[in-house]
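Hi,

Here is the structure I said I would pass on. Have a look at it first, and my notes on what turned up are underneath.

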Amino acid sequence: MKLKKLKAAKQLLDKEFGKEGTVSRKVFKEKAYSFYLSEILKNRRLELKLSQEQLAKKVGKKRPYISRVENGEDVRISNFVQIAMALDLNFDLRPV
């Protein structure tokens with residue numbers, strides 16, 4: 001049953017966002033990953049009971065920037081690492 005579900009999910013992704021290797025699929029993956037990372041940061045901020053304003057001050061940014069990051073709109077790696085460190089999160093890059 002799981003294999004059928006996986007195959008169905010792949011077919012849905014292919015249909016909705018293009019086949020693996022296409023530009024549209026790459027854009028989808030980048031947006032999905034940005035969303036995933038932003039959710040980790042947001043959830044950790046909330047867990048620490050920090051406001052966006054407090055976090056912004058910790059990293060030397062303005063509150064609207066933190067909001068954009070948490071909405072997955074602006075997740076640059078250098079800023080992501082800086083925010084992750086301010087939230088006491090480990091950041092580890094590994095080969096896929």
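Let me start with a charged pair: Arg25 makes a salt bridge with Glu20, and their closest N and O atoms sit 3.3 Å apart. Before you read on, please keep in mind that this is a predicted model. The two partners sit in different surroundings by the accessibility figures: Arg25 is buried at 4% relative accessibility, while Glu20 is partly exposed at 46%.

Glu20 has another partner as well. Its side chain also meets that of Lys29 in a salt bridge, with 3.2 Å from N to O. Lys29 counts as partly exposed, at 44% relative accessibility. Through shared partners, the salt bridges tie Lys10, Asp14, Lys19, Glu20, Arg25 and Lys29 into one network.

Within that network, Asp14 and Lys10 are worth a click. Their side chains form a salt bridge at 3.0 Å, N to O. Why are these two separated by about one helical turn? Because they are four residues apart in helix α1, which covers residues 2–17. Asp14 is the buried partner, with a relative accessible area of 13%, so it falls under the 20% cut-off for that label. Lys10 is partly exposed, at 44%. In total, the structure holds eight salt bridges.

Now for the pocket. The largest pocket has a volume of about 200 Å³. If you want to colour its lining, pick Tyr33, Tyr36, Leu37, Ile40, Leu41, Phe80, Ala84, Leu89, Asn90, Phe91, Asp92 and Leu93. Two elements, α2 and α5 (77–86), each give two or more residues to that lining. Which of the elements gives the largest share? That is α2, with five residues. Sorted by class, the lining has ten nonpolar residues, one polar and one charged.

Some of those lining residues turn up again on the surface. Tyr33, Tyr36 and Ile40 make a nonpolar surface patch of about 320 Å², and Tyr33, Tyr36 and Ile40 are also among the residues that line the largest pocket. Ile40 belongs to helix α2, which runs over residues 23–47. Is Ile40 buried or exposed, or something in between? Its relative accessible area is 32%, so it is partly exposed. A residue needs over 30% relative accessible area to be part of a patch, and Ile40 has 32%.

Another α2 residue to look at is Arg44. At 19% relative accessibility it counts as buried, because the label applies under 20%. Arg44 and Val75 are 31 residues apart in sequence, and their C-alpha atoms are 16 Å apart in space.

Further along the chain, Ile66 lies in helix α4, which spans residues 63–70. Ile66 is buried, with a relative accessible area of 1%. Between Ile66 and Gln54 there are 10.0 Å from C-alpha to C-alpha, and the two are twelve residues apart in sequence.

Lastly, two backbone oddities to check on your screen. Lys49 has a positive phi of about 60 degrees, although it is not a glycine. You will find Lys49 in the loop between α2 and α3 (52–59), and it counts as exposed at 71% relative accessibility. Asp88 also is not a glycine, and has a positive phi of about 55 degrees. Where does Asp88 sit? It is in the segment after α5, and at 59% relative accessibility it counts as exposed.

That's the lot from my side. Shout if anything is unclear when you open the file.

Cheers

Notes: Residues numbered from 1 in each chain as written. Predicted model: local features only at pLDDT ≥ 70, side-chain atom pairs only at ≥ 80, totals over all residues. Heavy atoms only, no water. Patch = residues over 30% accessible without salt bridge, like charges linked within 9 Å, V, L, I, M, F, W, Y side chains within 5 Å. Areas by Shrake-Rupley, 256 points an atom, 1.4 Å probe, with all protein chains shown as cover. Salt bridge = Lys/Arg side-chain N within 4 Å of Asp/Glu carboxyl O. Buried < 20%, exposed > 50% of the residue type's maximum accessible area, 1.4 Å probe, protein only. 1 Å grid on protein atoms, 1.4 Å probe; cavity = no way out; pocket = protein on both sides within 12 Å on 5 of 7 lines; lining within 4 Å. Points joined across faces, edges and corners; volume = space filled by probe spheres on them. Nonpolar A, V, L, I, M, F, W, Y, C, P; charged D, E, K, R; others polar.
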